[in-house]
Amino acid sequence: MMGGPRRGGAERSRDFKGAWAKLLRYCRKYWPAMIVALVCAALGTVLTLAGPGRLSEMTDLITEGIATGIDMAAIARIGFFLIGLYVASLLLSLVQGWIMATVTQRVARSLRSDISKKINRLPMAYYNRTSTGDVLSRVTNDVDTIGQSINQSISTLVTAVTQLVGSLIVMLWTNVAMTGAAVVASLIGFMLMMAIMGRSQKYFTRQQQRLGELNGCIEEIYSGQTVVKAYNGEEKTIRAFNDLSEKLREAGFRAMSMSSLMQPLMSFIGNFGYVAVCVTGAALALSGQISFGVIVAFMMYVRYFTQPLSQIAQAAQSMQSAAAAGERVFDFLGAEEMSNESGKTAKLADAKGAVEFDHVRFSYEDSEQPVIRDFSAVAKPGQKVAIVGPTGAGKTTLVNLLMRFYELDGGQIRIDGVATDQMKREDVHALFCMVLQDTWLFEGTVRENLVYCTPNVSDEKMRAACKAVGLDHFIRSLPKGYDTVLNDSVSLSQGQKQQLTIARAMIADKPMLILDEATSSVDTRTELQIQRAMDELMRGRTSFVIAHRLSTIKNADLILVLRDGDVIESGTHEELLAKGGFYADLYNSQFEQAA
C-alpha cells in the first residue's frame, strides 16, 4: 500500500485572489445553488437582527403597563412574531447548511476525480520530480481543506459581514450616541485581538514546522526499525525524538497560550460593550432621550456587533489555507499532459513481435547528459533478448522507451514495421506484459491481483500459472485460498510477491514480454523453478530480459551489452565469451565472486 505525508496547518497562499478566482471558476456550475445558500444565510441573519427591535417594543409595553396595566394581547402578538422570526431564521440556516454541504461534497468529489484522471494523463517525467506523498497530499489533505473552507468560510463570512453591517445600521438608526459608545468599545478590543493574532501567527507556524519534523523523525525510525536495532541505535533515536518533542511542546505551548486569550478577549469586548452601552444608555434615559427598551435592544445589538469580528478573522484564515491548497491542486491539474493521440489509428491486431531500435536517442528532462546516445538493434519474433551492462548504462530506460513511458529525442522504435509513436500508448502497452524488480500488489483478493485487468480468466489457467511459479501450494494454505484478501494481516515475503507478479504476467499472455530482474528476490531453488516457467512462457514470444546475474541469461538468443547508452557488444553468450571483451569481463568477475 502506498502512503505519503500530509500537510499540516495553514499555509500562506502566494496568490490569494488568483487561487480563489480559479476555485470559484471551477465551481461555476454550482453558483446558482451557492447564491441561494448565501442569500438564505444573509436573510437568516437579517431576520435575527430584526428581533431586538420588537423585543424593545415588548419591554416598553411592559414598562408602561406596570402603572396602567399590561396589554397582554399586544405582548402575545410580539412574542408570536419573534417566535416566527427566529423559526424562519432557523429554517433558512438549515437550508443554507444543506445546500453548502451538498455543494462542497460534490466539488471535493469532482476535484478528486479530476486529479485521478490527471494522474493517468501526466508523463512519467512529472513523477520523476514530484514525490508520491506530495501527489497523495493533494488528493486528500488539500481537497479536504478546500471543501471545508467552501462549506464553512464563505457562508460564515457572509453571515458575519451581514450581521456586522446590519447591526451597525440598526444601531445607528436607533441611537447614534449609544452606537458610538459600542463601536469605540469594540474597536479597542478588536485592536487587541489583531495584535494577539499578529504575534501568535509565528508560533503557530513554528508549531507546524516542529510537528512536521517530529512526524518525519517518527516515520524514519518506524521504517528503519530493523537498522536501528541492528546498530543499537535506540538511545540515539530516543534522544533525537525527545529533542524534537520538546521543541514541539515549547512552540505548541506558546501558540496555545496566545490562542487561549482569544475567547476571554471576546468576552471582554462584549462585556466592555455592555458597560459602555449601559452607562451611555442610563445617561440618555435619565435625560428622557430614550426608553428603557432601547437599552435592552442595544445590549443584544452589541453582542451581534462584536461576535462577527472573531468569525471574520477565522474565516479569513481558513480562506487563506484554502487558497494555498487550491494553488497546489490547480498547479497539478494545470501541469502539462501527454499529447493527445485520438487521431492515431495504427494498431497491431496480430503482433508477431519483430522489434527494431533505429538510432534511438534519449535524455531525461532537465538533464544535459544523454542516457541513450545512438542505440540500434533488431529483435526477431520469438527471440529472447537479454540487456546487460553496468548500473546507469540505460537498460531500464531502454525498456521504458519501448513501452512509450517516455518519448524519444530522436530515432524510432518499430514493432512489426510500425513505429510506436504512430500507435496510441495504450495500444503499445497492450502488446507487453511486464515483471519488474519492484513488485506491486493492491488490497484485494489473491485472485483479483492475479487476473488484474485480464478479462475472462478461468480458474484452471490461474492455478496453472501459480503452479508453474511454485505459488499454488502456498495460496491454498491461506485461510480462504485464492479468495484471501491481501492486506496488513496477510504477510507475503518479497519472493512470494514476485512469484505472484510473474504468475500475473503468465496469465496476461501478451505477445511480448519484459522482465526486469524478475527473480532477484527469490531463493536459488525457487529461481530455478521460476526460470523453467519463464522459459516456457517466453517460448514463441519476443522477450526482453534485464539481468544483473548473467548466469540467468546464458540461453538468450541475443545479448545486448550496454555501456554509457550505446551497444558496445552483441551476440550469444558463447560468442561474447569467445570475444573476451567487456561482457566476458563482467561474466568472469561475477563467476569469481561466486567462487
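A residue counts as buried when its relative accessible area is under 20%. With 4% relative accessibility, R404 therefore counts as buried, and this arginine will turn up several times below. The model you are looking at is a predicted one. Its protein chain has 19 helices and 12 strands, and buried residues make up 44% of the 595 residues. Welcome, and here is a tour by topic.

**The chain as a whole**

- The accessible surface of the protein chain comes to about 31300 Å², and carbon and sulfur atoms hold 57% of that surface.
- Among contacts in the chain with a separation of 6 or more, 78% are between residues 24 or more positions apart.
- The count of salt bridges comes to 18.

**R404 and its surroundings**

- You will find R404 in the loop between helix 11 (395–402) and strand 4 (410–415).
- Leaving aside residues up to four places away in sequence, R404 touches E341, K344, T420, D421, M423, K424, R425 and V428.
- The backbone of R404 is worth a look as well: its phi is near 65 degrees, a positive value in a residue other than glycine.
- Side chains of opposite charge can pair when their charged atoms come close.
- R404 forms a salt bridge with E407, and the closest N and O atoms of the two are 2.8 Å apart.
- The wider network made by salt bridges with shared partners joins E341, K344, R404, E407 and R425.
- E407 has a relative accessible area of 35%, so this residue is partly exposed, whereas R404 is buried.

**Salt bridges at E337**

- The side chains of K118 and E337 meet in a salt bridge, at 2.8 Å from N to O.
- This pair links distant parts of the chain, 219 residues apart: K118 sits in helix 3 (residues 72–121), and E337 in the loop between helix 10 (292–333) and strand 1.
- R121 forms a salt bridge with E337 too, with the closest N and O atoms 3.1 Å apart.
- Here again distant parts of the chain are linked, since R121 is in helix 3 and E337 in the loop between helix 10 and strand 1, 216 residues apart.
- K118 is buried because its relative accessible area is 2%.
- R121 has 36% relative accessibility and so counts as partly exposed, and E337, at 32%, is likewise partly exposed.

**Strands 1, 4 and 5**

- Strand 1 (residues 355–362) and strand 4 run antiparallel and are joined by five bridges.
- One position to find by eye is V355, which stands opposite I415 in strand 4.
- Strand 4 also runs antiparallel to strand 5 (residues 418–419), with two bridges joining them.
- The bridge partner of R414 in strand 5 is A419.
- Strand 4 and strand 5 form a hairpin, with two residues between them.
- D416 lies in the loop between these strands, and its phi is near 55 degrees, a positive value in a residue other than glycine.
- At 25% relative accessibility, D416 counts as partly exposed.

**The six-stranded sheet**

- Six strands form an open sheet in the order 6-9-10-3-11-12, with mixed pairing.
- At the edges are strand 6 (432–435) and strand 12 (566–571), each of which pairs on one side only.
- Neighbouring strands of this sheet are turned by 20 degrees against each other on average, direction ignored.
- Within the sheet, strand 3 (residues 384–388) and strand 10 (residues 542–546) run parallel and are joined by four bridges.
- To trace this pairing, start from K384, whose bridge partner in strand 10 is S543.
- Helix 16 (residues 494–508) lies across strand 6 and strand 9 (512–516), and runs at about 170 degrees to strand 6.

**A nonpolar patch on the surface**

- V184, I188, L192, F268, F272, V275 and V279 form a nonpolar patch on the surface, with about 600 Å² of accessible area together.
- Helix 6 (176–223) and helix 9 (262–286) are the elements that give two or more residues to this patch.
- Helix 9 provides the largest share, four residues.
- V275 lies in helix 9, and because its relative accessibility is 48%, V275 counts as partly exposed.

Terms used: Residues numbered from 1 in each chain as written. Predicted model: local features only at pLDDT ≥ 70, side-chain atom pairs only at ≥ 80, totals over all residues. Heavy atoms only, no water. Patch = residues over 30% accessible without salt bridge, like charges linked within 9 Å, V, L, I, M, F, W, Y side chains within 5 Å. Areas by Shrake-Rupley, 256 points an atom, 1.4 Å probe, with all protein chains shown as cover. Salt bridge = Lys/Arg side-chain N within 4 Å of Asp/Glu carboxyl O. Buried < 20%, exposed > 50% of the residue type's maximum accessible area, 1.4 Å probe, protein only. Contact = heavy atoms within 4.5 Å. Pairing = 2+ DSSP bridges. Axes fitted to C-alpha atoms, helices over the stretch in contact; angles between N-to-C directions.
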